[in-house]
Amino acid sequence: MTLKTKAIPEGHHAVTPYMIIKDAANAIMFYKKAFGATELMRVTDDSGKVRHAEIKIEDSPIMIVDEFPEHSIMKSPESLGGTTMHIFLYVEDVDALFAQAIDAGAKELMPVEDHSEGDRRGGVTDPFGHIWWIATHIKDVPLEELG
């Protein structure tokens, strides 16, 4: 019997962030401490640079690679002077995870507070230049009431 290969690998979603990071090995350690990430796999080259790694936060995988500045599309937020994508992370207890991220070394971008669209959220910048919005959905608000 031949099994059909799934188009989307087991444990993945149709959309998966792929983060380019200066010092990816330390970033993986940070994400474990800050967000409770689980490391799924890591491939390194002979120098120890991360060629490909995968972590999972809650039910969501994230792919990670070290930056390779010699390739224009493989630069980290630190090398680019900012990031063009933010990561939005829903959790059960935004206050606890926000504090955990700060304790791990993230910098507060916006304090945790209730927002009119029904989320309690705050923002942090991780030590590698990526921006994370951490939120808990606390109230369903009809679309007509948003504005």
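This passage walks through the fold, the salt bridges, the surface patches and a few single residues of one protein chain.

The model is a predicted one. In overall layout, the protein has three helices and eight strands. Read from the N terminus, these elements come in the order β-α-β-β-β-α-β-α-β-β-β. Along the principal axes, the C-alpha atoms fill a box of roughly 50 × 50 × 25 Å. Out of 147 residues in the protein, 38% are buried.

Charged side chains are a good place to start looking at the details. The count of salt bridges comes to seven. One of them joins the side chains of Arg120 and Asp95, with 2.9 Å from N to O. Arg120 sits in strand β7 (residues 119–125) while Asp95 belongs to helix α3, so this pair ties together parts that are 25 residues apart in sequence. Neither partner has to be hunted for in the interior: Arg120 is partly exposed at 23% relative accessibility, and Asp95 is partly exposed too, with a relative accessible area of 36%. Arg120 also has a salt bridge with Asp114, again with 2.9 Å from N to O. That puts Arg120 in contact with Asp95 as well as with Asp114.

Another set of charges turns up elsewhere in the chain. Here Lys32, Glu39 and Arg42 are linked in a network of salt bridges. Within this network, the side chains of Lys32 and Glu39 meet at 3.1 Å, N to O. Lys32 counts as partly exposed because its relative accessibility is 36%, between the cut-offs of 20% and 50%. Glu39, at 25% relative accessibility, is likewise partly exposed.

Not every charge is paired up like this. Glu58, Asp59, Glu92 and Asp93 form a negative surface patch. Two members of this patch can be placed in loops. Asp93 lies in the loop between β5 (86–90) and α3 (94–104), and Glu58 is in the loop between β3 and β4 (60–66). How open are they to the surroundings? Glu58 is exposed, with a relative accessible area of 61%, whereas Asp93 is partly exposed at 41%.

Glu58 also stands out for its backbone. Most residues other than glycine have a negative phi. Glu58 goes the other way, with a positive phi near 55 degrees. Asp23 is a further case: it is not a glycine, yet its phi is positive, at about 75 degrees. Asp23, like Glu58, is a loop residue; its loop runs between β1 (18–21) and α1 (24–35). With a relative accessible area of 35%, Asp23 is partly exposed.

The surface has a nonpolar side as well. Leu40, Met41 and Val43 make a nonpolar surface patch of about 220 Å². Val43 in this patch is part of strand β2 (residues 38–44). The relative accessible area of Val43 is 40%, so this residue is partly exposed.

His52 offers a look at a more hidden spot. This residue is found in strand β3 (residues 50–57). Its relative accessibility is 18%, and because the cut-off for buried is under 20%, His52 counts as buried. Which side chains does the side chain of His52 make polar contacts with? One partner is the side chain of Tyr18, at 3.3 Å. The other contact is with the side chain of Glu54, at 2.9 Å.

Lastly, there is Ile102, a residue of helix α3. Ile102 counts as partly exposed, with 31% relative accessibility. Along the chain, Ile102 and Trp133 are 31 residues apart, and their C-alpha atoms are separated by 13 Å. Helix α3 thus comes up more than once in this passage: Ile102 lies in it, and so does Asp95, the salt-bridge partner of Arg120.

Terms used: Residues are numbered from 1 along each chain as its sequence is written. This is a predicted model: local features need pLDDT of at least 70, side-chain atom pairs count only at pLDDT 80 or more; totals for chains, interfaces and linings use all residues. Side-chain values use heavy atoms; hydrogens and water are left out. Patches are made of residues with over 30% relative accessible area and no salt bridge: like charges are joined within 9 Å, nonpolar side chains (Val, Leu, Ile, Met, Phe, Trp, Tyr) within 5 Å. Accessible areas come from the Shrake-Rupley method with a 1.4 Å probe; for residues, only the protein chains shown count as cover. A salt bridge is a side-chain nitrogen of Lys or Arg within 4 Å of a carboxyl oxygen of Asp or Glu. Lys and Arg count as positive and Asp and Glu as negative; His and the chain ends are not counted. The place of a charge is taken as NZ of Lys, CZ of Arg, CG of Asp or CD of Glu. Helices (H or I, at least four residues) and strands (E, at least two) are DSSP runs, numbered from the N terminus. Buried means under 20% relative accessible area, exposed over 50%, partly exposed in between (1.4 Å probe, protein chains only). A polar contact is a pair of N or O atoms within 3.5 Å; within protein, one must be able to donate a hydrogen and the other to accept it, and residues adjacent in sequence count only if both atoms are side-chain atoms.
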